[in-house]
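This briefing covers a ligand site, a pocket, two sheets and some backbone details. Please read it alongside the sequence and the coordinates.

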Amino acid sequence: MQNDRSKAWFEKAQKFIPGGVNSPVRAFGSVGGTPVFIQKGDGPFIIDADGNRYLDFVSSWGPLILGHRHPVVVKAIQKALERGTSFGAPTEAEVALAAKVVELVPSIEKVRMVNSGTEAAMTAVRLARGISNKDKIIKFEGCYHGHSDSFLMKAGSGTATLGIPGSPGVPKSLVSDTLLAPYNDLTAVESLVEAFKGQIAAVIVEPVAGNMGTVPPKEGFLKGLRELTRQAGIFLIFDEVITGFRLSNGGAQELFGVQPDLTCLGKIIGGGLPVGAVGGRCDVMDALAPAGTIYQAGTLSGNPLAMSAGLATLDYLQKYRIPLKLNETSTIFVARLKKWIHQKSLPVTINQVGSMVTLFFTNTAVENFKQASGADAGLYAKFFHSLLEKGIYFPPSPFETVFLSHAMQPEDLDMAFDKITVSLLEALRAE
Ligand SMILES: *Cc1c(COP(=O)(O)O)cnc(C)c1O
């Protein structure tokens, strides 16, 4: 594979940008080698600076459920662009997107637009703390809620990739208000709630974990969290930045029938542009300024280009029942892969919920961060590079989710199946 141009750009990037990237996992740190610089996206494919084409299973880490440059999204952005890029004043587009989110997501009655998933989670916790007048939160090991201070403990995603438990620069006083529990361990949460009675503002959880690789909630885990938090007067926050509009039109809460008090959204809601959102019941959301006293703001929040891209995406997903179809396509694809792996008795565990998929190089089940960390990262790196050589772009870290997109055609998935199976054998044979 020719990658001279990517190499040259990465060298130059390292001169001017810390680590050469604007988000850590992009640097290929855990798989080695040079990150490919992307020149262009085309439906399910990306093309790099050297002209290599890849079938894209990263989908910009989730937002591009319709693939690259979907005509409906491009048209919406172009139309908005003719009117202006930003006003810092209310526009119709943000009301339209807010109304759509309220229509789609079961627990949301009002929604505030922000610019990233990080801001959404930050705001959700501030709301819970501000209303409850309590400081502590419970988060789960391996769950990622963006890079704000309170969440950077065993945070999955890039921090797992780099093997750092937290981050320097986060005050100890802040971290002491973040309590940790293993994912899927309701008993551990019960113990924390008991031990810190009356001090806990919120439990925040990825209803399907995506940032330690895909880890589904065990039967009864989400419902158990709902009952426990309701009884104890604790806010339950679902971080649906990945799962929202992907697992179903109404996200994981619709799929699993559990309603949180607050929901964080991001990724798909911006249709490929930078958007996040936090939503919940009216009484909770109206605590935000200017309706209430809890402060939150953003110069570019509700940006008209981003709102248009988001609305076009959500409309399309709803109209053509894309999440439902994509879940089915993904299940068929993964079942085929699982069957093949079983026949070959390979030490690989596949976790899948809808179009979220992770291949773990381990014999055991993966139900929490400890088990995810137990998978063989070296084998994943070999597998990753073998796929890259063959024109398949997987996430450059074993702790991430593979996203199928609606743009992938049956023949693309057939091609992917062939190459994934060959690369699995190559990685394992190289042992
Ligand atoms: C990506 C992600 C975030 C952070 O969103 P950014 O837009 O990167 O700030 C938060 N929570 C979850 C579950 C995510 O996957």
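For residue classes, Ala, Val, Leu, Ile, Met, Phe, Trp, Tyr, Cys and Pro count as nonpolar, Asp, Glu, Lys and Arg as charged, and the others, Gly among them, as polar. The model is predicted: local features need pLDDT of at least 70 and side-chain atom pairs count only at pLDDT 80 or more, while totals for chains, interfaces and linings use all residues. Residues are numbered from 1 along each chain as its sequence is written, and side-chain values use heavy atoms, with hydrogens and water left out.

**Second largest pocket**

- A pocket is an open set of points on a 1 Å grid over the protein atoms alone, where a 1.4 Å probe fits, with protein on both sides within 12 Å along at least five of seven lines; lining residues have an atom within 4 Å of a point.
- The second largest pocket holds about 420 Å³ of space, the volume being that filled by probe spheres set on the points, which are joined across faces, edges and corners.
- Its lining divides into twelve nonpolar, nine polar and two charged residues.
- Of the 23 lining residues, Glu 94, Met 113, Gly 298, Ser 301 and Gly 302 lie nearest the centre of the pocket.
- Helix H3 (92-104) and strand E4 (110-114) each supply at least two residues of this lining; helices (H or I, at least four residues) and strands (E, at least two) are DSSP runs numbered from the N terminus.

**Ligand site**

- The residues around the ligand (a heavy atom within 4 Å of it) include Ser 116, Gly 117, Thr 118, His 145, Glu 206 and Lys 267.
- By class, this shell has three nonpolar, six polar and three charged residues.
- Polar contacts are pairs of N or O atoms within 3.5 Å.
- In one such pair, a side-chain N or O atom of Asp 239 is 2.6 Å from a nitrogen atom of the ligand.
- A polar side-chain atom of Asn 211 lies 3.1 Å from a ligand oxygen atom, and a polar backbone atom of Tyr 144 is 3.2 Å from a ligand nitrogen atom.
- The protein buries 83% of the 380 Å² that the ligand exposes when taken alone, with accessible areas from the Shrake-Rupley method and a 1.4 Å probe.

**Sheets**

- Strands pair if DSSP finds at least two bridges between them.
- One open sheet has four strands in the order E1-E2-E3-E13, with mixed pairing.
- Strand E1 (38-42) and strand E13 (392-393) each have a single partner strand, so one side of each is left without a neighbour in the sheet.
- E1 pairs with strand E2 (residues 45-48) in the antiparallel sense over four bridges, and Phe 45 in E2 is the bridge partner of Asp 42.
- An open sheet of three strands follows the order E11-E12-E14, with antiparallel pairing.
- Five bridges join E11 to strand E12 (residues 356-360); among the residues of E12, Met 356 is the bridge partner of Val 353.

**Backbone details**

- Most residues other than glycine have a negative phi, and most peptide bonds are trans.
- The peptide bond from Ala 289 to Pro 290 is cis, with omega near 5°.
- Pro 290 lies in the loop between helix H10 (282-285) and helix H11 (304-319).
- Phe 28 has a positive phi, near 70°, and lies in the loop between helix H1 (4-16) and E1.

Methods: A polar contact is a pair of N or O atoms within 3.5 Å; within protein, one must be able to donate a hydrogen and the other to accept it, and residues adjacent in sequence count only if both atoms are side-chain atoms.
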